[in-house]
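User: I am new to this structure and would like to understand the labels used for it. Please set each label against its definition as we go.

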Amino acid sequence: MEIRALTAEEIAQAEAIDGVQFPPENSIVIGAVDHTGRVVGRIVLMSMVHLEGTWVDPALRGSSVAIRLVAGAEQALIKL
């Protein structure tokens with residue numbers, strides 16, 4: 001048995017086992033593959049983005065600072 005990152009074909013095989021679909025981007029599916037090439041186990045590593053609450057100085061609330069912060073965060077996500 002081999003433990004390794006699965007190929008796209010093997011990921012499809014693993015998804016068919018229990019119907020769980022894995023996000024293709026920013027994830028790695030590690031599988032246990034037997035000597036016949038059958039996926040007999042899997043675990044998924046996913047990178048998720050968490051956006052913490054926005055804070056703006058009280059003196060600047062109601063200005064464009066919060067909107068500009070969100071736009072900056074969106075641009076940063078594009079680069080991920």
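User: What makes the confidence in the protein readable as a number, and where is it lowest and highest?

Analyst: The confidence is given as pLDDT, which is the predictor's confidence in each residue, from 0 to 100. On that scale the protein averages 89, and 99% of the residues score at least 70. The mean is lowest in α1, at 87, and highest in strand β1 (residues 2–5), at 95. Helices (H or I, at least four residues) and strands (E, at least two) are DSSP runs, numbered from the N terminus. This is a predicted model, in which local features need pLDDT of at least 70 and side-chain atom pairs count only at pLDDT 80 or more, while totals for chains, interfaces and linings use all residues. Residues are numbered from 1 along each chain as its sequence is written, and side-chain values use heavy atoms, with hydrogens and water left out.

User: How do you know that the strands form a sheet, and in what order do they lie?

Analyst: Two strands pair if DSSP finds at least two bridges between them. β1 and β2 are joined by four bridges in the antiparallel sense, and β2 and β3, also antiparallel, by seven bridges, so both pairs meet the requirement of at least two. The result is an open sheet of three strands in the order β1-β2-β3. β1 and β3 are called edge strands because each pairs on one side only. From one strand to the next the twist averages 20°, where axes are lines fitted to C-alpha atoms, for helices over the stretch in contact, and angles run from 0 to 180 degrees between N-to-C directions.

User: Which residues stand opposite one another in these pairings?

Analyst: Between β1 and β2, R4 has G31 as its bridge partner. Between β2 and β3, V29 is partnered by V44, and A32 stands opposite G41. The hairpin of β2 and β3 has five residues between the strands, and there G37 takes a positive phi near 95°.

User: Why is β2 described as mostly covered?

Analyst: A residue is buried under 20% relative accessible area, exposed over 50% and partly exposed in between (1.4 Å probe, protein chains only). Five of the seven residues of β2 are buried by that rule, so the strand is mostly covered. I28, which is found in strand β2 (residues 27–33), has a relative accessibility of 45% and therefore counts as partly exposed. I28 touches A5, I43, V44 and L45, not counting residues up to four places away in sequence, where contact means heavy atoms within 4.5 Å.

User: What makes one side of α1 a buried face?

Analyst: In α1, E10, A14 and E15 are buried. Seen down the axis of α1, its buried residues fall within an arc of 145°, so they line one face of the helix; the arc is that of the directions from the helix axis to the C-beta atoms. An α-helix has 3.6 residues a turn, so residues three or four places apart point the same way. The buried residues of α1 pack against β1, β2 and β3, and α1 lies across these strands, running at about 100° to β3. Turned away from the buried side is a face that carries the exposed residues A8, E9 and A16. Just after α1, G19 takes a positive phi of about 80°.

User: Why is the pair of R4 and E2 called a salt bridge, and how many salt bridges are there?

Analyst: A salt bridge is a side-chain nitrogen of Lys or Arg within 4 Å of a carboxyl oxygen of Asp or Glu. The closest N and O atoms of R4 and E2 are 3.1 Å apart, so the pair falls within the limit of 4 Å. By this rule the count comes to four salt bridges. R4 also meets E10 in a salt bridge, at 2.6 Å from N to O, and E2, R4 and E10 are thus linked in a network of salt bridges. Their burial is mixed, because E10 counts as buried at 12% relative accessibility, whereas R4, at 23%, is partly exposed, as is E2 at 42%.

User: What makes the salt bridge of D18 and R42 a link between distant parts of the chain?

Analyst: The closest N and O atoms of D18 and R42 are 2.5 Å apart. D18 lies in helix α1 (residues 8–18) and R42 in strand β3 (residues 39–46), 24 residues apart, and the pair links distant parts of the chain. At 44% relative accessibility D18 counts as partly exposed, and R42 is also partly exposed, at 32%.
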